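Student: I've got a new model open and I'd like to practise reading its features. Can we go through it together?

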Amino acid sequence: MAFQLNEKFRLFALNSTPELTAEIAAVLNCEVGSSAVTKFSDGEIQINIQESVRGCEVYVVQSTQQPGNEYIMELLIMIDALRRASAKTINVVIPYYGYARQDRKARAREPITAKLIANLLEAAGVDRIISVDLHAAQIQGFFDIPVDQLTGIPILYEHFRQKELADVVVVAPNTSGLVRARRLASRLNAPIAFVDKRRPKPDAPQIVNVVGEVKGKNAIIIDDLIDTGGTVTLASAVLMEHGAESVYACCTHPVLSGPAVEWIEASAIKEIVVTNTIELPEEKKFERLTVLSVAPLLADAISRVHNQQSVSVLFD
């Protein structure tokens, strides 16, 4: 597909997503804007935009995975620099939106940090947000500017479609993931199941059951993100105990913090499929990990926004 960009289009990368931004630029057939992110001796971030952006439609790509606080500050400072350099519009592409799990008050005296980050971005001067698989759909409503939420499910689906697995069942590792599991299952024309975890009493052992038929089937666990890997490895063990033939896992955002790699490698998971919304360092890559690119999806969304075309066809 040939994308049409005018002379006022600018694309910039920050430190969390240089490779992904380069892929997006290659798809769009454009250059990545020239900028420098440095630090003062005390650790304060300094940004220098090394080309004119006056009157330009600017897109900045930055995921906010760990070190999330640093990447968020980079993004806020970049937005301020662009605004003061007279950019016409500032569109922020956040493939992975950090702090999204703090989207409500689950207990007394808790912050809603996902809303705080939205406030900070708007106050800095963002005109539009493009993201992928927000942890909670209501985060879109935390903004008073347009938010385009894309999904990685079609990318994950295409990978498993090409594997031509027989007797597939798509599994949600918890009840909150049922909608996501249904979306993948409908594409694969497969049934769904889910792992039900509960504690009868506060101090009682956790009871784990599988709801749905998994015996003799190739199970595909799907989640929006995998952090420590505890949920997905527990789910894989329970599925094998219930007679699954094999277990695969997939997610959009490979956070993979703490013992995640060790736990997944020691689990029954045959393959784990993720996207590059988070750019993984070499030490977090392992043999059973498959990384798919969201660059074509993001490039398409950027082009559609730039050319004032509908983005809704990309939402599913």
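Tutor: Sure, we'll go from the whole chain to its sheets, then to a helix and a single residue. Keep in mind that this is a predicted model.

Student: Fine. How many helices and strands does the chain have?

Tutor: Eight helices and 14 strands.

Student: And what does the radius of gyration say about the chain?

Tutor: A compact globule of 316 residues would have a radius of gyration near 20 Å, and the chain has 21 Å, so the two agree. Along its principal axes, the C-alpha trace spans about 60 × 50 × 35 Å.

Student: What share of the residues is buried?

Tutor: Buried residues account for 52% of the 316. As for the surface, the chain exposes about 15,000 Å², with carbon and sulfur atoms supplying 47% of that. Look at the contacts too: of those between residues at least 6 apart in sequence, 63% join residues at least 24 apart.

Student: Now the sheets. How do strands of a sheet pair?

Tutor: The general idea is that they pair through backbone hydrogen bonds, either parallel or antiparallel. Here, one open sheet has five strands in the order β1-β4-β5-β6-β7, with parallel pairing. β1 (9-13) and β7 (147-150) are its edges; each has a single partner strand, so one side of each lacks a neighbour in the sheet. From one strand to the next, the twist averages 15°.

Student: Which strand does β5 join through four bridges?

Tutor: That's β6: β5 (residues 89-94) and β6 (residues 128-132) run parallel, joined by four bridges. To find the register, pick out I94, whose bridge partner in β6 is S131.

Student: Which helix packs on this sheet?

Tutor: Helix α8 (residues 295-306) does, touching β1, β4 (57-61), β5, β6 and β7. The direction of α8 makes about 160° with that of β6.

Student: What about the sheet of seven strands, what is its order?

Tutor: The order is β10-β9-β8-β11-β12-β13-β14, again an open sheet, with mixed pairing. At the edges you'll find β10 (207-211) and β14 (289-292), each paired on one side only. The twist in this sheet averages 25° from one strand to the next.

Student: In which sense do β8 and β11 pair?

Tutor: In the parallel sense, over four bridges, with β8 covering residues 168-172 and β11 covering 218-226. V169 stands opposite A219 in β11.

Student: Which strands does helix α6 touch?

Tutor: α6 (residues 230-241) packs on the sheet and touches β8, β9 (192-198), β10, β11, β12 and β13, with its direction at about 165° to that of β11. There's also helix α4 (residues 153-163), lying across β11, β12 (246-254), β13 (269-275) and β14 and running at about 155° to β12.

Student: How far does α6 reach from its first C-alpha to its last?

Tutor: It reaches 17 Å over twelve residues, close to the 16 Å expected at 1.5 Å a residue. Along α6, V232, T233, A235, S236, V238 and L239 are buried. Just after the helix, G243 takes a positive phi of about 95°.

Student: Last one: is S303 in helix α8 buried or exposed?

Tutor: Buried, because its relative accessibility is 4%, and the cut-off is under 20%. Leaving out residues up to four places away in sequence, S303 touches F3 and L28.

Technical notes:
Residues are numbered from 1 along each chain as its sequence is written. This is a predicted model: local features need pLDDT of at least 70, side-chain atom pairs count only at pLDDT 80 or more; totals for chains, interfaces and linings use all residues. Side-chain values use heavy atoms; hydrogens and water are left out. Two strands pair if DSSP finds at least two bridges between them. Helices (H or I, at least four residues) and strands (E, at least two) are DSSP runs, numbered from the N terminus. Axes are lines fitted to C-alpha atoms, for helices over the stretch in contact, and angles run from 0 to 180 degrees between N-to-C directions. Contact means heavy atoms within 4.5 Å. The radius of gyration is taken over C-alpha atoms; the globule rule is 2.2 Å times the number of residues to the power 0.38. Buried means under 20% relative accessible area, exposed over 50%, partly exposed in between (1.4 Å probe, protein chains only). Accessible areas come from the Shrake-Rupley method with a 1.4 Å probe; for residues, only the protein chains shown count as cover. The expected span of a helix is 1.5 Å times one less than its number of residues.
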